[in-house]
Amino acid sequence: MKGIQVEKVGGTYDYVEDLAKPSPGKNQILVKSLVTAINPVEPFMQGTGMLVLSWPIVLGCDASGIVTELGDGVSKFRVGDKVFGCTRLGQTGYGTFQEFFIMDEHLAFKNEGKLSLEEAATVGVGVLTASLGLISGLKMDLVPKKVGDNSEWVVIIGSAGAVGSFAVQIAHLCGYKVLAACSPSAIKWVESLGADATYNHRLPLEDQLKEISLITNGKFSKVFDASAFGAETGMAALAKHGDPIAIPKYFSTTNDWVPIEPVEGINIHLVTLGAIGKLGDEHQRKVTAEIAALIPQLENLLGSGQLKPMEYDVVGDVGFKEVLKALDAYKNRKGSSKKIVVRLAEE
């Protein structure tokens, strides 16, 4: 089986043709990998070894493809169905940079034809991370509501990236006014997703806090840091300018590796998508159960067009060696909020 493999921590990405084809277990499906996306987690795992359970490893976790084989007990899918989503991270057999990979049935999205293969490949990691950050972390209800003049604000830091783009959409759908932190070049993009106001995340901290206070008038109690680098801003905004009546306030972040200083009255939630599908401890089981419960709701929102996939750039032609070009393009790009995707095979 063809794919892109990394031999060891810090090792190179190598094209190989002798990978063992995985077999689906109970309640699992085997998927032919057609389009895969590049995410920050791939170079993170390759460079640090974190989340990788054994070496060598095929990385990639965000893809769309076609179901080719069913494990025992599968009821949601049939052979030939189109599927997409985020696979288990760092575990042999689940990497999407290879011809066939495994997905857990209850953690996979069915594509009923509403999304192209490329669009579907942009969704999994972003929408699930955003949902964990907002629904699990900020205690939002994933129920569409209209935004009105009296709606509460939510601050989303890093709103133009994959996670932030979905977070803006989901928060807006949940009935919140969205204050999105982004670069000036991304303002039109995040506004098109539902942001009610923006501020420049490149401003000095005190200027950012002034902007947040001025725009929201203190009518907020929830901040989501989709960038993993906004803890200082988010925590200070809640402590100094958040709704004084709200008890508790909520801060959620994709940064789960750098400790955050606790502040009385603020609940801190660390988003750990890396636990998806893993059942080794109570936390992993909890996150996996949360994702499984979210997917049917998210499928409906994506299918109805209430949630939109990311904009994307296709790198290269068709084939697994194109992943190497895409990884280089991801490493060297500057300023783009589009997802990088690769076409691995024809249908």
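Q: In this predicted model, what share of the contacts between residues at least 6 apart in sequence join residues at least 24 apart?
A: A contact here means heavy atoms within 4.5 Å, and one can then ask how far apart in sequence the two partners stand. In this chain, once contacts are limited to residues at least 6 apart in sequence, 70% of them join residues at least 24 apart.

Q: Which helices and strands should I count in the chain, and how many are there of each?
A: Helices and strands are runs of residues, numbered from the N terminus. For this chain the secondary structure comes to 9 helices and 16 strands.

Q: What does the radius of gyration of the chain tell me?
A: The value is set beside the one that a compact globule with the given number of residues would have. With 347 residues that value would be near 20 Å, and the chain has 20 Å, so the two agree. Along its principal axes, the C-alpha trace spans about 60 × 40 × 40 Å.

Q: How much of the chain is buried, and what does its exposed area consist of?
A: A residue counts as buried when its relative accessible area is under 20%, and buried residues make up 57% of the 347 residues. The chain exposes about 14,900 Å², of which carbon and sulfur atoms supply 51%.

Q: Where do the domains of the chain run, and how many residues take part in the contact between them?
A: The domain assignment gives domain 1 as two segments, 3-124 and 309-343, and domain 2 as 138-270. The contact takes 7 residues from domain 1 and 6 residues from domain 2, while the C-alpha centres of these domains lie 30 Å apart.

Conventions: Residues are numbered from 1 along each chain as its sequence is written. This is a predicted model: local features need pLDDT of at least 70, side-chain atom pairs count only at pLDDT 80 or more; totals for chains, interfaces and linings use all residues. Side-chain values use heavy atoms; hydrogens and water are left out. Helices (H or I, at least four residues) and strands (E, at least two) are DSSP runs, numbered from the N terminus. The radius of gyration is taken over C-alpha atoms; the globule rule is 2.2 Å times the number of residues to the power 0.38. Buried means under 20% relative accessible area, exposed over 50%, partly exposed in between (1.4 Å probe, protein chains only). Accessible areas come from the Shrake-Rupley method with a 1.4 Å probe; for residues, only the protein chains shown count as cover. Domain bounds come from an automatic or database domain assignment.
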